[in-house]
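Hi,

Here is the structure I promised to pass on. Have a look at it first, and then read my notes below.

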Amino acid sequence: MPEQPDAVEHALRALRFRDRSTAELAERLERRGVGAAEREHALETLERIGYVDDERFARQRAEQLAARGSGDALIRHDLESRGVAAEHVEAALEALEPEAVRAERLVEQRGRSVKTARYLASRGFGADALEGIVAQED
C-alpha cells in the first residue's frame, strides 16, 4: 500500500498554483483528515520557511482586487472570509492607493452617471467615494 503524503506535502500542493492564507490551508488540511497537531506543525514549518505569510497574502490579494476595480469593503470582506487577521487586512488596505482615487479612475472609464455610482457601490466602494461622483453628477 503506498504511503500517504504528509501534511506539509498536501499544503505544498495547495500552494502550487496560488498563494493561500494560513486559515485556508488549515481548513484544506482538516478536510483531508490531517490531525490538529500535525496540521499545526505543517503550517508552522511553512511559515518558518516563508511559503505561508498572511501579511504578504493580504497585501497581494488586496492589490489584485483593487486592480480589478474593487472597493475597500469588498476587499475587506474577501480577506476576512479567507481567515486573514484584522491587522493584516487593515495594513493591506492602508497600503493601497486611496479608494476615492480608484473610484475616480473607474468613473473616467465608465462615465459619470448614477449607473456608474451603483456599479461602484456593488463593487464595495464606500459612501465617501460615491458622494463625490453623485455630487458632481447633480
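**What I found**

Arg118 sits in helix 8, residues 114–122; helices here are DSSP runs of H or I with at least four residues, strands are runs of E with at least two, and both are numbered from the N terminus. With 55% relative accessibility, Arg118 counts as exposed. For that term, buried means under 20% relative accessible area, exposed over 50%, and partly exposed in between, using a 1.4 Å probe and protein chains only. The C-alpha atoms of Arg118 and Asp53 are 35 Å apart, with the two positions 65 residues apart along the chain.

Before you go further: this is a predicted model, where local features need pLDDT of at least 70 and side-chain atom pairs count only at pLDDT 80 or more, while totals for chains, interfaces and linings use all residues. Residues are numbered from 1 along each chain as its sequence is written, and side-chain values use heavy atoms, with hydrogens and water left out.

**Overall**

The protein chain has 9 helices and 0 strands. Its C-alpha trace spans about 70 × 25 × 20 Å along the principal axes. The radius of gyration is 19 Å, against near 14 Å for a compact globule of 138 residues (taken over C-alpha atoms; the globule rule is 2.2 Å times the number of residues to the power 0.38). Of the 138 residues, 38% count as buried.

**Helices 1 to 3**

In helix 1 (residues 7–15), the buried residues are Ala7, His10, Ala11, Ala14 and Leu15. They lie on the same side of helix 1 because they cover an arc of only 140 degrees around the axis, the arc being that of the directions from the helix axis to the C-beta atoms. Their cover includes helix 2 (22–31) and helix 3 (36–48), where contact means heavy atoms within 4.5 Å.

Helix 2 has its own buried set, namely Thr22, Glu24, Leu25, Ala26 and Leu29, and these pack against helix 1, helix 3 and helix 4 (54–67). How do helix 2 and helix 3 pack? Their angle is about 145 degrees and their axes are 10 Å apart; axes are lines fitted to C-alpha atoms, for helices over the stretch in contact, and angles run from 0 to 180 degrees between N-to-C directions. Thr22, Leu25, Ala26, Leu29 and Glu30 of helix 2 make the contact with Arg39, Ala42, Leu43 and Glu47 of helix 3. Just after helix 2, Gly33 takes a positive phi of about 85 degrees.

**Helix 5 and Arg102**

Helix 5 (residues 72–81) buries Asp72, Ile75, Asp78 and Leu79. Here the arc is only 130 degrees around the axis, so these residues are on the same side of helix 5. On the other side, His77 and Ser81 are exposed. Helix 4, helix 6 (86–95) and helix 7 are among what covers the buried residues of helix 5. Gly83, just after helix 5, has a positive phi of about 80 degrees.

Is Arg102 buried or exposed? Arg102, found in helix 7 (residues 99–110), counts as buried, because its relative accessibility is 5%. Leaving out residues up to four places away in sequence, Arg102 touches Ala66, Ser70, Gly71, Asp72, Ile75, Leu96, Glu97 and Phe125. Asp72 and Ile75 also appear among the buried residues of helix 5.

Cheers
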